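This report concerns local strand pairing and helix packing. The sequence and structure are shown below.

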Amino acid sequence: MPRGRPRAMGAAALLLLLLLLGFLLFGWDLGCERHKQGGRAGAPGCFPGPLMPRVPPDGRLRRAAALDGDPGAGPGDHNRSNCGPPPPRPSKCELLHVAIVCAGHNSSRDVITLVKSMLFYRKNPLHLHLVTDAVARNILEMLFHTWMVPAVRVSFYNAEELKSQVSWIPNKHYSGLYGLMKLVLPSALPAELAHVIVLDTDVTFASDISELWALFAHFSDTQAIGLVENQSDWYLGNLWKNHRPWPALGRGFNTGVILLRLDRLRQAGWEQMWRLTARRELLTLPATSLADQDIFNAVIKEHPGLVQPLPCVWNVQLSDHTLAERCYSAASDLKVIHWNSPKKLQVKNKHVEFFRNLYLTFLEYDGNLLRRELFGCPSQPPPGAEQLQQALAQLDEEDPCFEFRQQQLTVHRVHVTFLPHEPPPPRPHDVTLVAQLSMDRLQMLEALCRHWPGPMSLALYLTDAEAQQFLRFIEASPVLAARQDVAYHVVYREGPLYPVNQLRNVALAQALTPYVFLSDIDFLPAYSLYDYLRASIEQLGLGSQRKAALVVPAFETLHYRFSFPHSKVELLALLDVGALYTFRYHEWPRGHAPTDYARWREAQAPYRVQWAADYEPYVVVPRDCPRYDPRFVGFGWNKVAHIVELDAQEYELLVLPEAFTIHLPHAPSLDISRFRSSPTYRDCLRALKDEFHQDLSRHHGAAALKYLRALQQPQSPARG
């Protein structure tokens, strides 16, 4: 696991303190304190529970009358806090199984917030069973692989293979076919799995999930489904004129949180049971309105012995017509909040701010802090964790370059396609612009989208909180919100140095076109560059016929406002009057000198140039090109090393005569400032260069000699 740092521990304590303070605004209860002060009568054996949030006393929040139609308890009992003798908790190391159905980009983000809330409180190992479409699997597989949370296993199940089992059911609910898939979990999950907690993606935990698992002990010998009563009048059929819901026992049950005894359901013939019930009801009802919930309730109405009612606090439902106040006004604590309205956080509820604060706490919580071991509970480490720990253990903390070496080994959480994304249609010469950025460069995105109409793959280095700011930034921009061909990949921030090449590799790996334009976020390409590159790739016969890197000449302006040239002729005019310069002409001319700008001025056709020391052009290459060397973090030599590798692998360097890209001015980054001010920083960069050349010699033998000779020549300080 990436090492914890003292300030990370401080951040954890601070965030936890903020969480507690947020809830203190509304008051807190310990265990059954309110019951001891005249709450629920006849609650034997009240026991202290964990510190949990509750809604504040309110003159309008009186103890509610029992909800109607309680099928399995005394009047309203299961809709009050569970203040009887506590069920036996699972053993400390018992593996708890959780199943979730998830499809698409937005639902994947919801799952991550849900999992954060579970991990925050959990004390047991978890095995997540995720039924996903291809999009969600791609996102979540990468996320969990890079999150490397101890004592968490993840199994994926292909939702596409299950669709045929539920596609015959007409469903009006916004969840579509995926909202019906919980019905087939007994057959889809492994036959040896006997118990599972099933969760909707829009729930948030406020307690240890092992307490929920412990409620399996309350099941009788025949009960197989644990559910909380529905906290609205939906199934009573009185919400509006001619409202005709599916049959249910009393108020019915909500399926956002389910305890399933899979073994008993299989023995009872669950698949045949729910299918027969659904087919019968669909003879008189046009469709399900609440997806699987309607069918679960119809089956329970016919077989009431299957259900074990759960305390209402395990599914506090914030729907449009919710009666949840009857639960949380009487409960000593809340366990699970369920945002079961299509409006989600915008649902109308007089206490919604309280619940929203709980949700936002986990939405923006630093997921790196959840990479903690379970105390006293040994578990199989995540893949690669042992090797990583060994490598970290070999580092010398007294080494002046310790930060560099630790940053190289840091495994960052990666959330690919953070926003909805439409892959480009397959075209043989298509090009994706690849770049990386941090929060301070977001303002570049709109201009970039106006200049580049083609697909883009962008890696963003953000904290969890910044990722939500980024989401709001995109939603507020008509230009960015309209672009479905831009794939944003969030790499979560950890460590003091900017992992520039790791970010580039994430964006490069997610590009879906045959070719990529390797750019930086502070460059604006020529308006015509996208079309020109595709035409050039075809004309030059790149790919299998020719191994080449197409050089896009780089320029810069020192003016924050200037008229962007629409053609090479206009660019040369600006160059001649000093409104533009060749890139880094004043600071680092050798970085782009081999492009030969004098020749480019007159060129009518692509021309070949030779590699030279410190050359770092922006290039178009096949998607399967060599990756960037991740050892280069912060500022310096990150692009230079990549061009060396391209040359070592015998890529031709071809300069395109009509292509150009222009760098816009901006404040210097923190890493550039450190490079300029710290001799130690520069010494560490030189050490990394030496190691790079040693590796180059091992990989390429005698062919690497020219790079070693170039390194030995007197040079200016290393650049990017």
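## The three-stranded sheet

Phe205 stands opposite Val336 in E12. These residues belong to a predicted model, in which local features need pLDDT of at least 70, side-chain atom pairs count only at pLDDT 80 or more, and totals for chains, interfaces and linings use all residues. Numbering starts from 1 along each chain as its sequence is written, and side-chain values use heavy atoms, without hydrogens or water.

Strand E7 (203-205) and strand E12 (residues 336-338) are antiparallel, with three bridges between them. Strands are DSSP runs of E (at least two residues) and helices are runs of H or I (at least four), numbered from the N terminus; two strands pair if DSSP finds at least two bridges between them. The open sheet has the order E7-E12-E11, and its pairing is mixed. Its edges are E7 and strand E11 (316-317), each paired on one side only.

## Helix H12 on the sheet

H12 packs on this sheet and touches E7, E11 and E12, contact being heavy atoms within 4.5 Å. The direction of H12 makes about 80° with that of E7, where axes are lines fitted to C-alpha atoms, for helices over the stretch in contact, and angles run from 0 to 180 degrees between N-to-C directions.

Buried residues of H12 (under 20% relative accessible area, 1.4 Å probe, protein chains only) include Phe354, Phe355, Leu358 and Phe362.

## Strand E6 and its partners

Four of the five residues of strand E6 (residues 195-199) are buried. Ile197 of E6 is the bridge partner of Val98, and Leu259 in E9 is the bridge partner of Ile197. E6 runs antiparallel to strand E9 (residues 253-261), joined by five bridges.

Note on methods: Buried means under 20% relative accessible area, exposed over 50%, partly exposed in between (1.4 Å probe, protein chains only).
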